[in-house]
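Please look over the sequence and the coordinates below before reading on. The report is meant to be read beside them.

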Amino acid sequence: MAFDFSRLGPRDLDRFTPMQIAHHPHLSRGEKLELLTDLRAVATGIADSEDYGFACEDIDEAISDVEGAPYIRPNHKAAG
């Protein structure tokens with residue numbers, strides 16, 4: 001059963017940080033990625049919606065965590 005994002009209101013999303021979404025046990029990998037991608041669109045101004053106050057870097061880190069990819073913050077150099 002797919003998670004119904006349309007039933008979430010601003011107060012529901014205030015309860016979770018991007019990393020909490022990434023580790024939420026009741027969401028599938030696809031649902032996590034969809035919700036985090038939607039949050040990123042809001043954070044960057046691509047989507048017209050209420051901004052939830054998350055930094056794009058935090059959202060990108062959570063997306064990388066769900067995808068199993070390493071995340072390097074833009075202001076840090078890679079080791080090696």
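The sections below go from the overall fold to the helices, the core and individual residues.

## Basis of the model

This is a predicted model, in which local features need pLDDT of at least 70 and side-chain atom pairs count only at pLDDT 80 or more, while totals for chains, interfaces and linings use all residues. Residues are numbered from 1 along each chain as its sequence is written, and side-chain values use heavy atoms, with hydrogens and water left out.

## Overall fold

The chain has four helices and zero strands, and read along the sequence it follows the pattern α-α-α-α; here helices (H or I, at least four residues) and strands (E, at least two) are DSSP runs, numbered from the N terminus. Of the 80 residues of the chain, 30% count as buried, where buried means under 20% relative accessible area, exposed over 50%, and partly exposed in between, with a 1.4 Å probe and protein chains only.

The chain exposes about 5600 Å², of which carbon and sulfur atoms supply 51%; accessible areas come from the Shrake-Rupley method with a 1.4 Å probe, and for residues only the protein chains shown count as cover. Among contacts (heavy atoms within 4.5 Å) between residues at least 6 apart in sequence, 49% join residues at least 24 apart.

## Helix 3 and helix 4

Helix 3 has 16 residues, and the distance from its first C-alpha to its last is 22 Å, close to the 22 Å expected at 1.5 Å a residue; the expected span is 1.5 Å times one less than the number of residues. Its buried residues are Glu 31, Lys 32, Leu 33, Leu 35, Leu 36, Leu 39, Ala 41 and Val 42. Helix 3 is followed by Gly 45, whose phi is positive, near 85 degrees.

Helix 4, with 12 residues, should span 16 Å at 1.5 Å a residue, and its end C-alpha atoms are indeed 16 Å apart. Cys 56, Ile 59, Asp 60, Ala 62, Ile 63, Ser 64 and Val 66 are the buried residues of helix 4, and what covers them includes helix 2 and helix 3. Gly 68, which follows helix 4, has a positive phi near 80 degrees.

## The nonpolar core

The largest nonpolar core has 13 residues, of which Ile 21, Leu 36, Leu 39 and Ile 59 touch the most other members; such a core is a set of buried Ala, Val, Leu, Ile, Met, Phe, Trp, Tyr and Cys residues joined through side-chain atoms within 4.5 Å. Helix 2 (18-22), helix 3 (29-44) and helix 4 (56-67) each supply at least two residues of this core. In soluble globular proteins, nonpolar side chains tend to be buried together.

## Salt bridge and selected residues

The structure holds one salt bridge, defined as a side-chain nitrogen of Lys or Arg within 4 Å of a carboxyl oxygen of Asp or Glu. In it the side chains of Arg 40 and Asp 60 meet at 2.4 Å, N to O, and the pair links distant parts of the chain, with Arg 40 in helix 3 and Asp 60 in helix 4, 20 residues apart. Arg 40 counts as partly exposed because its relative accessibility is 28%, whereas Asp 60 is among the buried residues of helix 4.

Leu 35 lies in helix 3 and counts as buried because its relative accessibility is 8%; Leu 35 and Ile 63 are 28 residues apart in sequence and 9.7 Å apart in space, C-alpha to C-alpha. Ala 55 lies in the loop between helix 3 and helix 4 and, at 31% relative accessibility, counts as partly exposed. Between Ala 55 and Leu 39 the separation is 16 residues in sequence and 9.8 Å in space, C-alpha to C-alpha.
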